[in-house]
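Biologist: Could you take me through one small part of this protein, slowly enough for a first-year student? I'd like to know what sits around it and how it fits into the bigger picture.

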Amino acid sequence: ISRSYHTDSKGNTAVSVMKYPADYLATGSSSTGSALLDTMLLRNMQATQVEKWDSLKTASTGLTAVTASQLNLYKVSINTNIAVVPDKVKKLSLAAPITNFVPAYVSSGNMVADSRYSQLISFDSYDQNGNITQYTPRNATSVAILWDYNGSLPIAQVKNSLYTSAAYTSFETGNKGGWTYAGAPVVDATAPTGNMVYPLAAGSITYSVPGNTPGYTLAYWSNNGI
């Protein structure tokens, strides 16, 4: 769907316009002018929405004004086997409908958008399975997400942290969740999470703290209060 219309009982018409990678192809050309959009087309990402805006034409004045818009930006992530993944989501910041909205376009290889867009969220990093590992909401600090079980399930969310500064494991799988230890976890029916625990007699557990970082919070379960 590239456009939809809805007319109410008063004759006002609401219009939604959706644009996809192929909509940015120059007339008679097989290229959009953007390497990223061309990559999306080569991967047949035809239904991946780039921009959508809503407008309203009032019957009384005949005036058409944009009421809302969202721009979805993408990037190529090396960690995900060169996959195209979401990068940022932006929304139009409006106090009232506008009549001078500028749809996004490609210029000199870059996507140029209306200056009134504000960033809603940034998807900062992904793992090799295509899972999001860090995102930053608008007016907030970064959130790290750790995955396990062959990358199929998120096991921890750490707010106000970079992905590279967070670690977590419950010793249920071979993935150590950012920690370093040489010993082997063992089965313990009293484990508060899962079935495995790590005996410190098998060796210490360490974490490599990045340089110039703030203080850390360490939380863990222990059966002897240490």
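Modeller: Let's start with one residue, Ser 142, and then step back to the sheet around it. Keep in mind that this is a predicted model.

So, where is Ser 142? You'll find it in the loop that links strand S9 (132-137) to strand S10 (143-148). Is it buried or exposed? Its relative accessibility is 15%, and the cut-off for buried is under 20%, so Ser 142 counts as buried.

Now look at what surrounds it. Leaving out residues up to four places away in sequence, Ser 142 touches Asp 124, Gln 134, Tyr 135, Thr 136, Val 158, Lys 159, Asn 160, Ser 161 and Leu 162. Thr 136 deserves a second look: its side chain and that of Ser 142 are joined by a polar contact of 2.9 Å.

Okay, zoom out. S9 and S10 both belong to an open sheet of nine strands, in the order S1-S2-S3-S4-S5-S8-S9-S10-S11, with antiparallel pairing. At the edges are strand S1 (3-7) and strand S11 (153-159), each pairing on one side only. On average, neighbouring strands here are turned by 15° against each other, if you ignore direction.

Next, follow S9 across to strand S8 (residues 117-126): the two run antiparallel and are joined by five bridges. Within that pair, Tyr 126 stands opposite Ile 132 of S9. There's a helix on this sheet too: H1 (residues 35-42) packs on it, touching strand S4 (64-77) and strand S5 (83-92). The direction of H1 makes about 80° with that of S4.

Terms used. Residues are numbered from 1 along each chain as its sequence is written. This is a predicted model: local features need pLDDT of at least 70, side-chain atom pairs count only at pLDDT 80 or more; totals for chains, interfaces and linings use all residues. Side-chain values use heavy atoms; hydrogens and water are left out. Helices (H or I, at least four residues) and strands (E, at least two) are DSSP runs, numbered from the N terminus. Buried means under 20% relative accessible area, exposed over 50%, partly exposed in between (1.4 Å probe, protein chains only). A polar contact is a pair of N or O atoms within 3.5 Å; within protein, one must be able to donate a hydrogen and the other to accept it, and residues adjacent in sequence count only if both atoms are side-chain atoms. Contact means heavy atoms within 4.5 Å. Two strands pair if DSSP finds at least two bridges between them. Axes are lines fitted to C-alpha atoms, for helices over the stretch in contact, and angles run from 0 to 180 degrees between N-to-C directions.
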